[in-house]
Amino acid sequence: MDLSNFTTLQNLESAFGGESMANRKYLFFAAVARKLGFSDLAKLFKETADQETEHAFAHFELLHPELVVKDAAVLTEEQKREIISRCLSLAIEGETYEYTTMYPEFAAAAESDRDHPAAEEFLKQAQESSDHANTFRSAAHRFGLLKFIENYHADRYTEALEVLNGGEAVTRVAGENPQTQKWICRQCSMIYDPVTGDPDSGIAPGTAFADIPDDWSCPICGATKKTFKPLEEKVVAQNK
């Protein structure tokens, strides 16, 4: 579908918003009906809410065709990562807009109208949106780290197979320069690279492992700093 047509794009976004709102509204109605003892009406509202969800999904697929998964079995691992990374990016973008722009503006308007309960609710939601955004950022960070872990495991398995088939064992040594020496978590194999640091945990790029605070923990499994050991990397053979 051609999304370069601005009017159609706006209409799809409005339709997605309307169907999404209808879903939550009908679920609310279902809860009210259930509390009042109208089970048949509660069921009707719930069924309609589910239908509105399908409508919203259909609109969202047109808005984001890059996220449509028809057959996960035919996708490469890289393609799967691209799709889920896009989902995380959109989630972070949405939550960030909510706590930096939308809710603060709503709260300011409510204060101007002297509607203090509404202002308080908007500020509360702004904080929750901030928490959600940070959670998604953390997930995106962990997701990125997993790629290097899987590559590390794949390399070790490949080496083991080569040795099993009669090849020579690969020589690995730990680096000696603290500014470039990598460390690996013995619990989950997360690799800390001082060149990139761990910004999401407050560890700036260029921070040697020894300079990381002792209360820092593995961003993937939560293991303590003491769980890490120097990473032994392949020794690159020199051409004679």
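This is a short group-meeting talk on one predicted chain, going from its overall layout to a handful of residues.

Okay, hi everyone. Before anything else, keep in mind that this is a predicted model. Let's start with the secondary structure. We have four helices and five strands, and in sequence order they run α-α-α-α-β-β-β-β-β. So what does the radius of gyration say about how spread out the chain is? The value is 25 Å, and the globule rule would give 18 Å for 240 residues, so the chain is more spread out than a compact globule. If you prefer a box, the C-alpha atoms fill one of roughly 80 × 45 × 45 Å along the principal axes.

A few totals while we're here. Out of 240 residues, 26% count as buried. The accessible surface is about 16,200 Å², with 55% of that belonging to carbon and sulfur atoms. On charges, I get 24 positive and 39 negative side chains, and the centres of those two sets sit 6 Å apart. And for contacts between residues at least 6 apart in sequence, 57% join residues that are at least 24 apart.

Right, let's walk along the helical part. Between α1, which is 6-35, and α2, which is 39-63, there's a loop, and F38 is in it. Is F38 buried, partly exposed or exposed? With a relative accessibility of 48%, F38 is partly exposed, because that value lies between the 20% and 50% cut-offs. Have a look at F6 as well: F38 and F6 are 32 residues apart in sequence, and their C-alphas are 44 Å apart in space.

Further on, find the loop between α3, residues 77-112, and α4, residues 116-164; that's where R114 lies. R114 isn't a glycine, but its phi is positive, about 60°. Its relative accessibility is 70%, so R114 counts as exposed.

There's a second residue like that to look at, S189. Here phi is near 75°, again positive and again in a residue other than glycine. S189 is in the loop joining β2 (183-185) to β3 (191-192). In contrast to R114, which is exposed, S189 is at 14% relative accessibility and therefore counts as buried.

Now the core. As a general point, nonpolar side chains in soluble globular proteins tend to be buried together. In this chain the largest nonpolar core has 13 residues, and the ones touching the most other members are C185, M190, Y192, F209, W216, C218 and F228. Let me pick out C218. What does C218 contact once you set aside neighbours within four places in sequence? You get C185, C188, M190, A223 and F228.

Just before C218 in sequence we have S217, in the loop between β3 and β4, the latter being 228-230. With a relative accessible area of 31%, S217 is partly exposed. Leaving out the neighbours within four places again, S217 is in contact with G222 and A223. Compare its position with V163: 54 residues separate S217 and V163 in sequence, and C-alpha to C-alpha they are 35 Å apart.

Last stop, strand β1, residues 172-174, where V173 is found. V173 is partly exposed, at 44% relative accessible area. And how far is V173 from K234, C-alpha to C-alpha? They're 61 residues apart along the chain, yet the separation is 6.7 Å.

That's my tour, thanks for listening.

Conventions. Residues are numbered from 1 along each chain as its sequence is written. Side-chain values use heavy atoms; hydrogens and water are left out. Helices (H or I, at least four residues) and strands (E, at least two) are DSSP runs, numbered from the N terminus. The radius of gyration is taken over C-alpha atoms; the globule rule is 2.2 Å times the number of residues to the power 0.38. Buried means under 20% relative accessible area, exposed over 50%, partly exposed in between (1.4 Å probe, protein chains only). Contact means heavy atoms within 4.5 Å. Accessible areas come from the Shrake-Rupley method with a 1.4 Å probe; for residues, only the protein chains shown count as cover. Lys and Arg count as positive and Asp and Glu as negative; His and the chain ends are not counted. The place of a charge is taken as NZ of Lys, CZ of Arg, CG of Asp or CD of Glu. A nonpolar core is a set of buried Ala, Val, Leu, Ile, Met, Phe, Trp, Tyr and Cys residues joined through side-chain atoms within 4.5 Å.
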